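Okay, thanks for squeezing me in this week. Let me put the structure up, and then I'll walk you through the parts I'd like you to look at.

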Amino acid sequence: GPNLPKNLIDLDFGVKKNIELLSNAKKVKPNKLTVCVLKRPRHDSIIKILNQMDVKIDFIADGDVSGVISVAYPKKRIDMYLGIGGAPEGVLAAAALKCMECQMQTRLFFQNKDDEASAKKLGIIDLQQKYNIDDMVKGDVIFCATGVTDGDLVNGIKDENDTFISETLVLHKSSKTNKIVKSKIKK
């Protein structure tokens with residue numbers, strides 16, 4: 001979320017240490033924190049540690065980009081997002097978070113040797129490199145997301161008589177734009 005010390009978390013510290021660091025920065029006990037996690041077997045070890053620390057978990061079934069973005073909205077009451085996801089989704093989430101003055105740290109996760117070989121072909125030398133928001137998103141950025149179905153951030157497309165109604169979340173870093181644009185399109 002916004003307004004936290006820069007470089008607060010580090011993937012090399014592990015889940016427990018990062019929760020403790022966030023807890024200290026927010027001046028609350030870990031059991032007062034809520035972490036959003038995509039409900040997948042690959043996150044079982046994360047969930048186990050969060051449960052041991054008595055951290056509240058907001059499980060989501062899908063929509064990891066919106067789950068990540070939720071940390072920027074105080075009304076959502078999500079303090080951190082943890083998990084393994086796709087690289088394109090990570091860059092999308094980084095673009096949104098950069099617009100909202102948040103932070104993020106990621107690392108490529110390889111499921112097999114073919115994934116590693118593909119990364120090397122793309123010119124990635126250090127397969128364990130950590131990436132912060134500024135590594136993933138350079139300069140100014142605009143993020144837009146239109147809801148197709150109802151989600152946590154925007155409503156999906158509605159069919160009302162002779163009109164389709166849509167909602168789009170629009171974020172722009174340099175102008176500090178953060179709004180939902182509603183559009184009506186005649187059939």
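**A walk through the model**

So, strand 1, residues 34-38, pairs with strand 2 in the parallel sense, and there are five bridges between them. Before I go on: this is a predicted model, so please keep that in mind throughout. If you want a spot to find that pairing on screen, look for Val 37, which sits opposite Phe 59 of strand 2.

Helix 2, residues 44-52, packs on this sheet and touches both strand 1 and strand 2. Its direction makes about 150° with that of strand 2. Between helix 2 and strand 2 there's a loop, and Asp 54 is in it. Click on that one, since its phi is positive, near 65°, and it's not a glycine.

Now zoom out to the sheet as a whole. In what order do its three strands come? The order is 2-1-3, the pairing is parallel, and the sheet is open. The edges are strand 2 (56-60) and strand 3 (80-81), and each has a single partner strand, so one side of each is left without a neighbour in the sheet.

Next, the hairpin. Strand 8, residues 163-172, and strand 9, residues 177-186, run antiparallel, with 10 bridges joining them. One pair to look for is Thr 163, opposite Lys 186 in strand 9. Four residues lie between the two strands of the hairpin. Lys 176 is in that loop between strand 8 and strand 9, and here again we have a positive phi, about 60°, in a residue that isn't a glycine.

On to the pockets. How much space lies in the largest pocket? About 1400 Å³. It's lined by 47 residues, and the closest to its centre are Leu 11, Gly 83, Gln 105, Thr 106 and Arg 107. Lots of elements chip in: helix 1 (14-26), helix 3 (64-69), strand 3, helix 4 (87-99), strand 4 (105-107), helix 5 and helix 6 (133-136) each supply at least two residues of the lining. So we meet strand 3, the edge strand from before, again in this lining. Helix 4 gives the largest share, with seven residues. As for the chemistry, the lining of the largest pocket splits into 28 nonpolar, 12 polar and seven charged residues.

The second largest pocket has a volume of about 360 Å³. Here 19 residues do the lining, and Gly 63, Ser 66, Thr 149, Gly 151 and Asp 152 are the closest to the centre. Helix 3 and strand 6 (142-146) each supply at least two of the lining residues, and the largest share, four residues, comes from helix 3. You'll remember helix 3 from the lining of the largest pocket too. The split in the second largest pocket is nine nonpolar, six polar and four charged.

Last stop, helix 5, residues 113-121, which also turned up in the lining of the largest pocket. What happens at its start? A side-chain oxygen of Asn 112 reaches to within 3.0 Å of the backbone nitrogen of Asp 114. Then, just after helix 5, Gly 123 takes a positive phi of about 95°.

That's my tour. Happy to rotate the view to whichever part you want to see again.

Notes. Residues numbered from 1 in each chain as written. Predicted model: local features only at pLDDT ≥ 70, side-chain atom pairs only at ≥ 80, totals over all residues. Heavy atoms only, no water. Pairing = 2+ DSSP bridges. Contact = heavy atoms within 4.5 Å. Axes fitted to C-alpha atoms, helices over the stretch in contact; angles between N-to-C directions. Polar contact = N/O pair within 3.5 Å; in protein donor to acceptor, adjacent residues only side chain to side chain. 1 Å grid on protein atoms, 1.4 Å probe; cavity = no way out; pocket = protein on both sides within 12 Å on 5 of 7 lines; lining within 4 Å. Points joined across faces, edges and corners; volume = space filled by probe spheres on them. Nonpolar A, V, L, I, M, F, W, Y, C, P; charged D, E, K, R; others polar.
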